[in-house]
Amino acid sequence: MTNPTEKLLWSIAFPGFGQFLNGRFIKGITLTILELIVNVQSHFNEIIISSFNGEIEQAISHANYQWLMFYPCLYFFSMWDAWKDAGGGKERYSFLPFVFAAYFVTVGTMYSSTFKVFGITFGPVWLPILSVIPGIAVGYLLMKLLKGFVRSKEGSI
């Protein structure tokens, strides 16, 4: 018995793990290697440590944004792919929350060094993480609207 949620959660832990559990070894190896390359090139581990220690300016200075911007799409594709391969996502347009989360997190990454809320800069870890919420919400809302629109079109034929 496959559990799509389990595969999704393993892909959140590390891109490629959900694919390994689904028996998609080439995809799993590819996503794992890509994650390692992007992680090292973007200095992501250093950024995470600095961010968790409240050293946002240091995190910003360590970030290689040219590489860091690959992370959102890599992560959300890995999650969607593992979930879909395990039997999730049967609904029409179910990919949209993943896609819009990736878009919003990418934009959050781009603005993470300059965007301030009440004078606070969240940096390259916290602003992208916070961007997941509106991304999923917009994707989910768009999914529901499109499904309703298609249903009404099919009903009028």
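How many of the 157 residues of the chain count as buried? The share is 40%. The model is a predicted one, and the stops below go from the whole chain to single side chains.

**Whole chain**

Show the C-alpha trace first. Along its principal axes the trace spans about 60 × 40 × 25 Å. Colour by secondary structure next: there are nine helices and two strands. Read from the N terminus, the order is α-α-α-α-α-α-α-α-β-β-α.

**Largest pocket**

Turn on a surface and go to the largest pocket, which holds about 640 Å³ of space. Its lining counts 27 residues, and those closest to the centre are Tyr75, Phe76, Met79, Val105 and Val132. Select these five as sticks to mark the middle of the pocket. Then display the elements that each give two or more residues to the lining: α1 (4-13), α4 (44-52), α7 (71-85), α8 and α9 (123-155). Which element provides the largest share of the lining? Helix α9 does, with eight residues.

**Salt bridges**

Five salt bridges are found in the whole structure. Select Arg24 and Asp85, whose side chains form one of them, with an N to O distance of 3.1 Å. Arg24 sits in the loop between α2 (17-21) and α3, while Asp85 belongs to helix α7, so this is a link between distant parts of the chain, 61 residues apart. Both ends are partly exposed: Arg24 has a relative accessible area of 40% and Asp85 one of 28%.

Keep Asp85 selected and add Lys27, since the two side chains also meet in a salt bridge, at 3.0 Å from N to O. Lys27 is in helix α3 and Asp85 in helix α7, so this bridge ties together parts 58 residues apart in sequence. Lys27 is partly exposed at a relative accessible area of 32%. Add Asp81 to complete the group: Arg24, Lys27, Asp81 and Asp85 are linked in a network of salt bridges.

Move on to Glu91 and Lys147, which form a salt bridge at 2.0 Å, N to O. Glu91 lies in the loop between α7 and α8 and Lys147 in helix α9, so the bridge joins parts that are 56 residues apart in sequence. Is each end buried or partly exposed? Glu91 is partly exposed, at 43% relative accessibility, whereas Lys147 is buried, at 12%.

**Aromatic rings**

There are ten aromatic pairs. For one of them, select Trp10 and Phe17: the ring centres are 6.2 Å apart and the planes stand at 45°, so the pair is tilted. Trp10 is partly exposed at 41% relative accessibility, and Phe17 is partly exposed at 32%. Add Phe14 to the selection, as ring pairs link Trp10, Phe14 and Phe17 into a cluster.

**A nonpolar patch**

Return to the surface view and select Met69, Val107, Met110, Tyr111 and Phe115. These residues make a nonpolar surface patch of about 440 Å². Met110 is part of helix α8 (residues 96-111) and is partly exposed, with a relative accessible area of 40%.

**A buried glutamate**

For the last stop, select Glu35 in helix α3 (residues 25-42). Glu35 has a relative accessible area of 3%, under the 20% cut-off, and therefore counts as buried. Add Leu9 and draw a distance between the C-alpha atoms: Glu35 and Leu9 are 26 residues apart along the chain, and the separation is 16 Å.

How values were computed. Residues are numbered from 1 along each chain as its sequence is written. This is a predicted model: local features need pLDDT of at least 70, side-chain atom pairs count only at pLDDT 80 or more; totals for chains, interfaces and linings use all residues. Side-chain values use heavy atoms; hydrogens and water are left out. Patches are made of residues with over 30% relative accessible area and no salt bridge: like charges are joined within 9 Å, nonpolar side chains (Val, Leu, Ile, Met, Phe, Trp, Tyr) within 5 Å. Accessible areas come from the Shrake-Rupley method with a 1.4 Å probe; for residues, only the protein chains shown count as cover. A salt bridge is a side-chain nitrogen of Lys or Arg within 4 Å of a carboxyl oxygen of Asp or Glu. Helices (H or I, at least four residues) and strands (E, at least two) are DSSP runs, numbered from the N terminus. Buried means under 20% relative accessible area, exposed over 50%, partly exposed in between (1.4 Å probe, protein chains only). Rings of Phe, Tyr and Trp (its six-membered ring) pair if their centres lie within 6.5 Å; planes under 30 degrees apart count as stacked, over 60 as edge-to-face and the rest as tilted. On a 1 Å grid over the protein atoms alone, a cavity is a set of points where a 1.4 Å probe fits but cannot get out, and a pocket is an open set with protein on both sides within 12 Å along at least five of seven lines; lining residues have an atom within 4 Å of a point. Grid points are joined across faces, edges and corners, and a volume is the space filled by probe spheres set on the points.
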